[in-house]
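Please open the model in a viewer and keep the selection tool at hand. The tour below proceeds by selection, with a short account of what is found at each stop.

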Amino acid sequence: MKERGVKGMDLVKLTGHTPANISRLRQGKIRAVRFSTLFAICDYLDVAPGDILIRITDEEAEHLEKGVFIIDMDDAPEE
């Protein structure tokens, strides 16, 4: 966001979420995000979901900085 000059209020207007929810999203204090919200943010920032989300181990998750998002893939079907 910083590289592109995007502020939290820009995401509020884009997604229709409240400033508090966007703040929680940016701080990594959420448990889930709708695909429509993720894709809207990605389109706005001109990035792909994989540019802002990564899969990490449980051990790595214990040492995360603020603003890092986790998607728990433990329940995902195996290929």
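Begin by selecting aspartate 58, which lies in helix α5, the helix spanning residues 58-61. The model in the viewer is a predicted one. Aspartate 58 counts as exposed because its relative accessibility is 53%, where exposed requires over 50%. Extend the selection to Glu59, Glu60 and Glu62: together with Asp58 they form a patch of negative charge on the surface.

Next, display the whole chain as a cartoon. How many helices and strands does the chain have? The secondary structure amounts to five helices and zero strands, and the order of elements from the N terminus is α-α-α-α-α. Of the 79 residues in the chain, 16% are buried.

Now move to the N-terminal part and select glutamate 3 and arginine 4. Side chains of opposite charge can pair when their charged atoms come close. Here the side chains of glutamate 3 and arginine 4 meet in a salt bridge, with an N to O distance of 3.8 Å. A search of the whole structure finds one salt bridge. Are its two partners buried or exposed? Glutamate 3 is exposed, at a relative accessible area of 75%, while arginine 4 is partly exposed, at 44% relative accessibility.

Proceed to helix α1, residues 8-15, and select methionine 9 within it. With a relative accessible area of 46%, methionine 9 is partly exposed. Add isoleucine 22 to the selection: although the two positions lie 13 residues apart in chain numbering, the C-alpha atoms of methionine 9 and isoleucine 22 are separated by 8.2 Å.

Helix α2, residues 19-27, is the next stop, and serine 23 is the residue to select there. Serine 23 is partly exposed, its relative accessible area being 31%. For a second distance, select leucine 11 as well; the C-alpha atoms of serine 23 and leucine 11 are separated by 9.8 Å, and the two residues are twelve residues apart along the chain.

Turn then to helix α3, residues 35-45, and select Thr37, Leu38, Ile41, Cys42 and Leu45, which are buried. Why do these residues line one face of the helix? Viewed down the axis of α3, the buried residues fall within an arc of 130°, so they line one face. Rotate to the face of α3 turned away from this buried side, where the exposed residues Phe35, Ser36 and Asp43 are carried.

Remain in helix α3 and select phenylalanine 39. Phenylalanine 39 counts as partly exposed, with 42% relative accessibility. Proline 49 should be added to the selection: the C-alpha atoms of phenylalanine 39 and proline 49 are separated by 7.2 Å, and the residues are ten residues apart along the chain.

Finally, select aspartate 46, in the loop between α3 and α4 (49-52). What is the phi of aspartate 46? The phi of aspartate 46 is near 60°, a positive value in a residue other than glycine. Most residues other than glycine have a negative phi. Aspartate 46 is also exposed, with a relative accessible area of 67%.

Technical notes
Residues are numbered from 1 along each chain as its sequence is written. This is a predicted model: local features need pLDDT of at least 70, side-chain atom pairs count only at pLDDT 80 or more; totals for chains, interfaces and linings use all residues. Side-chain values use heavy atoms; hydrogens and water are left out. Patches are made of residues with over 30% relative accessible area and no salt bridge: like charges are joined within 9 Å, nonpolar side chains (Val, Leu, Ile, Met, Phe, Trp, Tyr) within 5 Å. Accessible areas come from the Shrake-Rupley method with a 1.4 Å probe; for residues, only the protein chains shown count as cover. A salt bridge is a side-chain nitrogen of Lys or Arg within 4 Å of a carboxyl oxygen of Asp or Glu. Lys and Arg count as positive and Asp and Glu as negative; His and the chain ends are not counted. The place of a charge is taken as NZ of Lys, CZ of Arg, CG of Asp or CD of Glu. Helices (H or I, at least four residues) and strands (E, at least two) are DSSP runs, numbered from the N terminus. Buried means under 20% relative accessible area, exposed over 50%, partly exposed in between (1.4 Å probe, protein chains only). The arc is that of the directions from the helix axis to the C-beta atoms.
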